[in-house]
Amino acid sequence: MTFLGAAVDGSDLSGQAIGLDGERDKELMTRVSKGPWSADMVYGNRHKDDPTGTYLSDPLSEGSLQDRYLLTQAQYESADADSAYQFVSRIFFSSYRYRQPLQYDTLFIAGGNSESYGIDSRVVATPWEHHKLLVGTEYQVNTRIDQSNKDVADPVNSLNIEGSGWRAGVYVQDEWHVLEDVTATLGIRADRTDASDATLSPRIGLIWNATSSLVVKAMQGRAIRQPNAFERDYDDTGTSFTQVANPHLDHETIDTLELSIDYRLRQDTNLRLSAYRWTIDKLITLEADPSGLGASQYRSGEDVDARGVELSVLRSWEWGARLRASVSMQRAEFSNSARLDNSPEILGKLNLSSPLPIDGMRVGFELQYYGERQAIDGSILNSYWLSNVLLSTEGWINGLELSLGIYNLLDERYEHPGAETNWQTAFEQDGRKALLSLTYAR
């Protein structure tokens, strides 16, 4: 990664990040089960070097972002698949810890701690002919949502924002066989949080099995995204004066509409054509604080409209080879017709895998295409192709899987857009790399 003329403290800083972009990750996943009961634990501990100067800190500085994640849960699932009622319920606890050094005139340590617990349950019932009902509830309590920014040299300038909250949701859905070849899915969801009023998210779907080879689907739905704690509550106007809180920040609403056609061309070949449109109402964006004092604030911005089509094909052979390929074209823009950043208009993907003559071995090839994208300064990033190869083994030792992947096989040079909080508008990505993976599961 190269920095050319990144202004830091009034000076120009240029250089290359060499040996400053590593990552170390430890993960543990366990599950025990007996009958309808099961218990899970997922733990992750990651150290990620960051030479990019996140949040406009000094780039090319040593220091690792560290985060830890823990999720534990216990679940009950009724085991009688022939019963008219199926019940699933779980209770869970999760925690997250985040720490990142940020070098400015002095060293700051940004941090975040969160803890939550909750319960969710759902019932699937077939009390009437031609109907399948789904009823569910969710409840989560966030006992801690803490954010901090510690000034190591002068603790008086340190920042600590404590928070908590809760969210609750209930949903119901009916899968109704209207006719022998027509199925309708009708559903609605209600959500509420400690910081917002109740919101409703309806959805409807129609499936027409026109022939044994042709299926037509039409779907319409709505989803809600509430602002997160950083977008709503983070405020350092008493110290650095970079961001102002917005406690009244409203949620985003996304409405989707999709029509798809699935056609079985042959017994081993399936085609799918879909056309869709989605709109986001009041996209949350980082903007200049209206006070005009130079800070930023997350606000409800412009609406976004996107339209697209996608064609995909799935082919399999009796001897075990599989082919998946797709191409999509999409146009996403704001209500004022401005193009959306980091939104390629063309995407393509091809996956081909096949067993090898050596028992238990399989080889896969993936080709991806990404069209041009707009960066935050309005410049256009070039399109690019990526190719990957994966060699894997299964069944040599019970529960053991070994794989070797070569990613960016042709060593393509390409970039991803940066954000408003980065020095650079685009970041060069990794060249060719190899990954050896060993997985054991029982």
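Buried residues, defined as those under 20% relative accessible area (exposed being over 50% and partly exposed in between, with a 1.4 Å probe and protein chains only), account for 32% of the 442 residues in the protein. The structure is a predicted model, in which local features need pLDDT of at least 70 and side-chain atom pairs count only at pLDDT 80 or more, while totals for chains, interfaces and linings use all residues. Residues are numbered from 1 along each chain as its sequence is written, and side-chain values use heavy atoms, with hydrogens and water left out.

The predictor's confidence in each residue is expressed as pLDDT, from 0 to 100. The mean pLDDT of the protein is 90, and 95% of its residues reach 70 or more. Over residues 4-11, however, pLDDT stays under 50, and the model has 18 contacts beyond four places in sequence for this segment; a contact denotes heavy atoms within 4.5 Å. Where pLDDT is low, predicted coordinates should not be read in detail.

The protein has one helix and 28 strands, assigned as DSSP runs (helices H or I, at least four residues; strands E, at least two) and numbered from the N terminus. Its C-alpha trace spans about 70 × 55 × 50 Å along the principal axes. Of the contacts between residues at least 6 apart in sequence, 52% join residues at least 24 apart. The accessible surface, obtained by the Shrake-Rupley method with a 1.4 Å probe, where for residues only the protein chains shown count as cover, comes to about 26500 Å², and 55% of this surface belongs to carbon and sulfur atoms.

In soluble globular proteins, nonpolar side chains tend to be buried together. A nonpolar core is taken as a set of buried Ala, Val, Leu, Ile, Met, Phe, Trp, Tyr and Cys residues joined through side-chain atoms within 4.5 Å. The largest such core consists of eight residues, namely Tyr 276, Trp 278, Ile 280, Leu 283, Val 304, Ala 306, Ala 332 and Leu 340. Two or more of its residues are given by each of β15 (269-281) and β18 (304-316), and β15 provides the largest share, three residues. With residues up to four places away in sequence not counted, the core member Leu 340 touches Val 304, Ala 332, Glu 333, Phe 334 and Gln 374.

A nonpolar patch is also present at the surface. Patches are made of residues with over 30% relative accessible area and no salt bridge, like charges being joined within 9 Å and nonpolar side chains (Val, Leu, Ile, Met, Phe, Trp, Tyr) within 5 Å; a salt bridge is a side-chain nitrogen of Lys or Arg within 4 Å of a carboxyl oxygen of Asp or Glu. The patch covers about 870 Å² and is formed by Leu 356, Ile 358, Leu 391, Trp 396, Ile 397, Leu 402, Leu 404, Leu 436 and Leu 438. The elements giving two or more residues to the patch are β25 (400-407) and β28 (433-440). Leu 404 lies in strand β25 and is partly exposed, because its relative accessibility is 38%.

Several strand residues were examined individually. Thr 199, in strand β12 (residues 196-209), is buried, as its relative accessible area is 8%. Beyond four places in sequence, Thr 199 touches Arg 189, Ala 190, Asp 191, Ile 224, Gln 226 and His 251. Thr 253, in strand β14 (residues 252-266), is likewise buried, at 10% relative accessibility. Its C-alpha lies 5.9 Å from that of Ala 223, although Thr 253 and Ala 223 are 30 residues apart in sequence. Among the contacts of Thr 253 beyond four places in sequence are Ile 224 and Ile 280. By contrast, Lys 349 of strand β20 (residues 346-355) is partly exposed, with a relative accessible area of 40%. Lys 349 and Ser 326 are separated by 23 residues in sequence and by 5.4 Å in space, C-alpha to C-alpha.

Loop residues were considered in turn. Most residues other than glycine have a negative phi. Tyr 55, in the loop between β4 (37-49) and β5 (64-77), has a positive phi of about 55° and is partly exposed at 36% relative accessible area. Ser 337, in the loop between β19 (322-334) and β20, also has a positive phi, near 75°. Ser 343 lies in the loop between β19 and β20 and is buried, with a relative accessible area of 9%. Outside four places in sequence, Ser 343 is in contact with Gln 330, Ala 332, Glu 372 and Arg 373.
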